[in-house]
Amino acid sequence: MNESLFPAGTVVERALAASQADEAIVIVTDAHEASLRWAGNSMTTNGSSISREWAVISVFRDGPNTARVGSISSTSVDPAEIGAVVRASEEAARTAAPARDAMPLLEPTDDDTATWDQAPGATEIDVFAGLARELSIGFDGTDRLYGFAHHQVHTTWLGTSTGVRRRFSQPTGSVEINGKRGEGKDLASAWVGVGTADFTDVDTPGLLAELSRRLDWSKRRVELPAGRYETLLPPSSVADLMIYLAWSMEGRGAHEGHTAFSRAGGTRIGERLSDIPLTLYSDPNASGLEYRPFVATPSSSESLSVFDNGLSARRVDWIGEGVIESLVYPRATAAEFAAPATVPGENLLLTGGGDASLDDMIARTERGLLLTCLWYIREVDPATLLLTGLTRDGVYLVEDGQVTGAVNNFRFNESPLDLLRRVSEAGATEITLPREWKDWFTRTAMPALRIPDFHMSSVSQAT
């Protein structure tokens, strides 16, 4: 970042000092990003960038739990504009309707004052040095490789007029590689990817070997009709489905009858989904998947409240040993429905399966499909959490414990809640990268799942 730029902590303190509202919250995020692209076995583009985004939230009180809120965001790096942003936030608050989620601001408990004045975390293009070196070996092969590597370090400072001071630096990285072999009707395509915090743990040769294995599977082509098939979902595909489930777990919507977690007179908390002791949880301290351990939001939603800024995130078991245990409740919603306040997680882990690898599960399959990638997932019915989507870059036929060929693509219709009810086997949990949601959610650990009757609703012409 430009050395002449004001330190983020100073921006927080100056904005708070300039505030004339009853209460104020200031959030500053400095983002360092680097990216690398390759296509057709050649590096194409690379670059890095630095940016800042910050917000001032002004609160005018009409009572302890009655308030009007105004939030103004800015990307300006000119300290002379701090006052103008504060005034704009106050004006927005004065003219706002009463906030439904009004609560007292938090008092300082957990704080990060020891790191408050530290410089933001950083990254640069050199973070890809090892990856680029190992990819170049793959470029010498006959398969055509395409892909993208991205590294971000977001450092967030949060300060409130009640004295809360929180700071956290969040590294997020991912690598995805698409391999192609053949031409025209004989074209085969496969995808692999991995999430990482710093790229030191990326096994590029292993990724390329798995990609080559999947392309080898495509030597034989099999056309199958739509229908229900025993299907193996690798960890990446499971992650894409479980993320959508987690995004749907809003407490208010469940109580008001709008979601798949609603039932007459309340919610489905306490309902058993599976006899397999599967636990779906978020934990800011999960090894290798850590995330910012406090709320920092410039606006309210059904999942987050500006009045909860600074609230510590803890482990939450959304599903515990097969039973729905928790939904997402900001403090105001929790108070309204007499529920514990919970913070939505920025990682997601599913545990409780066995110790089988995906290859072990393939070896135990008489006949079924291996579904490695999901794409274009959309919600069809929020009342059942029915999702539709397409397969892409790898549907394979398994016969007598062996992958025997590549299958045409399908459109599928499935609810992740129903899938958890119907799981007949869960393998070992491993850190994985979702394909569909990787731009928004990279920190997941999932097992492979066996579904006896996964619904391929129609054949897709997608290639």
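Two residues count as being in contact when heavy atoms of theirs lie within 4.5 Å. By that yardstick, in this predicted model, 45 residues of domain 1 touch 37 residues of domain 2.

**How the chain splits up**

Domain 1 runs over residues 8–215 and domain 2 over 220–462. Their C-alpha centres sit 24 Å apart. Putting the two together buries about 3100 Å², with 58% of that on carbon and sulfur atoms. On the domain 1 side, the residues that lose the most area to domain 2 are D101, L106 and W191, which together make up 20% of what that side buries.

**What holds charge and polarity across the boundary**

Let's turn to the pairings. Between domain 1 and domain 2 there are 4 salt bridges, and 18 residue pairs are in polar contact, counting pairs with both residues at pLDDT 80 or more. Which elements of domain 1 face domain 2 with at least two residues each? The answer is β1 (23–39), β2 (42–63), β3 (66–74), β4 (144–160), β5 (165–181), β6 (188–196) and α4 (204–217). Of these, β5 gives the largest share, 10 residues. Sorted by type, that side of domain 1 has 23 nonpolar, 10 polar and 12 charged residues.

**Salt bridges up close**

In general, side chains of opposite charge can pair when their charged atoms come close. The structure as a whole holds 36 salt bridges. Here are two of them, with the N to O distance for each:

| Salt bridge | Closest N to O distance |
|---|---|
| E176 and K438 | 3.5 Å |
| R228 and E414 | 3.9 Å |

The pair R228 and E414 is worth following along the chain. R228 belongs to strand β8 (residues 227–233), while E414 belongs to strand β20 (residues 410–414), so this salt bridge ties together parts that are 186 residues apart in sequence.

**What the record adds**

Within domain 1 there's also an annotation to look at. An unreviewed UniProt entry places the feature "domain: Metalloprotease TldD/E N-terminal" at residues 26–93. In the model, how much of residues 26–93 is helix, and how much is strand? The span comes out as 18% helix and 66% strand, and its end C-alpha atoms lie 14 Å apart.

**Back to the boundary**

To recap the join between the domains: about 3100 Å² is buried there, 4 salt bridges cross from domain 1 to domain 2, and β5 supplies the largest share of the domain 1 side.

Technical notes
Residues numbered from 1 in each chain as written. Predicted model: local features only at pLDDT ≥ 70, side-chain atom pairs only at ≥ 80, totals over all residues. Heavy atoms only, no water. Domains from an automatic or database assignment. Buried area = accessible area lost by both parts, 1.4 Å probe. Salt bridge = Lys/Arg side-chain N within 4 Å of Asp/Glu carboxyl O. Polar contact = N/O pair within 3.5 Å; in protein donor to acceptor, adjacent residues only side chain to side chain. Helix = DSSP H or I, 4+ residues; strand = E, 2+ residues; numbered from the N terminus. Nonpolar A, V, L, I, M, F, W, Y, C, P; charged D, E, K, R; others polar. UniProt positions renumbered as here; feature names shortened; annotations may be inferred.
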